[in-house]
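User: I am new to this structure and would like a close look at a single part of it, with the terms explained as they come up. Please connect that part to its surroundings rather than listing items one by one.

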Amino acid sequence: MRISQDFAPTGPDAATAARRRPARGRAAAALTAAVAFALVLTGCGGGSDAAPKSASPKSSADADRVEPLAGAPAPKLPVTVDSADGKKVTIDSTDRIVPLTGSLSEIVFTLGFGKRVVARDITATFEQAEKLPVVTRAHDVSAESVLSLKPTIVLADTTTGPSEAIDQIRDAGIPLLVVEPAKGLDDVGRRIDTVAEALGVPSAGTELKERTEKRIADVQKSIPDHTDGKKPRVAFLYLRGSASVYLLGGAESGASSLLEAAGAVDAGKESGLDKDFTAITSEALAKAAPDAILLMTKGFESVGGMDGLVKIPGIAETPAGMDRRVVTVDDGVLLNYGPRTDRVLTEIVEQLYAKGGRGQ
């Protein structure tokens, strides 16, 4: 499972998995189900009166906007492309676009097609999209809502459902392209290319891909050398205090690629967590031994900020807890792996290597 604001668990259904496990494993399964539900429904909310110790001042990177390429694209259509679900899809108009995830919306807008987008997923929270009608919630697509907007192309990914809604849209004759989700930095260019090809602007896709990759590389050049020869260990925690969801990320959480690009070690992955998430325990945290903790901003707020975070069993005893060292990034962009990933990486690097931090 990769968690992002527009991601639901893949693999066996959490409820089914719970029935297959002994009773002692059901609590963790329930947490996994809860995290998926909380992510997409809440937009990840909560309240807090505390700020992270290592937080940097607000900058342009914090603005919840996308940065479109200069110049209006001129699509060359029709095009026929391969959908991730094995179908061939022919697109002959981009006049009315409906992206069914927030990350796909981000790519479409950044390619310069914002004025042609007629609806959004609930997770497309950036400023240019926020006034569009919502046609999906919790990854459940309302086929009727989509069709009422008369789209000429619909973009989805393999987490979008239910399948009946996807079939209903296709049966109405609407071109619907399914795109593989991103799991790390290596997927950014592929996703951009796929969407750009479907919209008939492959050259714009190449320009955006190159811009994004260059910006990511520039951020990585700013990472300071580790004077002690050790990379900082960072644990990614998914928290929703209002739902009592407290999870420690492992190799499949989606954060490893970002942390490694920031010159850090994914503490959960390094400690042997080879899947997505596990319920937080004192034992798991002691084994991970993070120097810093990566959190979605609203998850941090949902537990009451730093004072609430260290009350979660095991956290106060970690190096990160003792130093009260956290890194926070907005929920709607942290794991999107798209045109704004350089901004995410900038936020992580700036906070992780703040003066006096363990990363130096």
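Analyst: A residue is called buried when its relative accessible area is under 20%, exposed when it is over 50%, and partly exposed in between, with a 1.4 Å probe and the protein chains only. Helices (H or I, at least four residues) and strands (E, at least two) are DSSP runs numbered from the N terminus. This is a predicted model, in which local features need pLDDT of at least 70 and side-chain atom pairs count only at pLDDT 80 or more, while totals for chains, interfaces and linings use all residues. Residues are numbered from 1 along each chain as its sequence is written, and side-chain values use heavy atoms, with hydrogens and water left out.

For orientation, the protein chain has 14 helices and 14 strands, and 55% of its 360 residues count as buried. Contact here means heavy atoms within 4.5 Å. Among contacts between residues at least 6 apart in sequence, 68% join residues at least 24 apart.

The part I would look at closely is helix α5, which spans residues 163–171 and has Ala165, Ile166, Ile169 and Arg170 as its buried residues. They cover an arc of only 135 degrees around the axis, which means that they sit on the same side of α5; the arc is that of the directions from the helix axis to the C-beta atoms. The face turned away from that buried side carries the exposed residues Glu164 and Asp171. What covers the buried residues of α5 includes the strands β2 (88–91), β6 (140–141), β7 (153–157) and β8 (176–179), together with helix α4 (143–148).

Both ends of this helix have a backbone feature beside them. On the approach, Pro162 is found in the loop between β7 and α5, and a cis peptide bond with omega of about 0 degrees joins Gly161 to Pro162. Just after α5, Gly173 takes a positive phi of about 90 degrees. As background, most residues other than glycine have a negative phi, and most peptide bonds are trans.

One residue elsewhere in the sequence leads back to this helix. Ser83, in the loop between β1 (79–82) and β2, counts as buried because its relative accessibility is 7%. Leaving aside neighbours within four places in sequence, Ser83 is in contact with Arg170, and also with Val89, Leu176, Leu177 and Val178; Arg170 is itself one of the buried residues of α5. Ser83 also lies 9.4 Å from Asp157, C-alpha to C-alpha, although the two are 74 residues apart in sequence. A second cis peptide bond worth noting joins Leu77 and Pro78, with omega of about 5 degrees, and Pro78 lies in the loop between α2 (26–42) and β1.

Following the chain onward, Asp187 lies in the loop between β8 and α6 (188–198), and because its relative accessibility is 18%, Asp187 counts as buried. Apart from neighbours within four places in sequence, Asp187 is in contact with Pro181 and Ala182. The helix that comes after that loop, α6, has Val188, Gly189, Arg191, Ile192, Val195, Ala196 and Ala198 as its buried residues, and just after α6, Gly200 has a positive phi of about 80 degrees.

Further on comes helix α7 (residues 202–221), whose axis comes within 8 Å of that of helix α14 (residues 341–352), the two crossing at roughly 10 degrees. Axes here are lines fitted to C-alpha atoms, for helices over the stretch in contact, and angles run from 0 to 180 degrees between N-to-C directions. The crossing angle therefore makes α7 roughly parallel to α14, where angles under 35 degrees count as roughly parallel, over 145 as roughly antiparallel, 65 to 115 as roughly perpendicular and the rest as oblique. In this contact, Arg215, Ile216, Val219 and Gln220 of α7 meet Thr341, Asp342, Leu345, Thr346 and Val349 of α14.

In the loop between β14 (326–329) and α14 lies Tyr337, whose phi is near 50 degrees, a positive value in a residue other than glycine. Tyr337 counts as buried because its relative accessibility is 1%.
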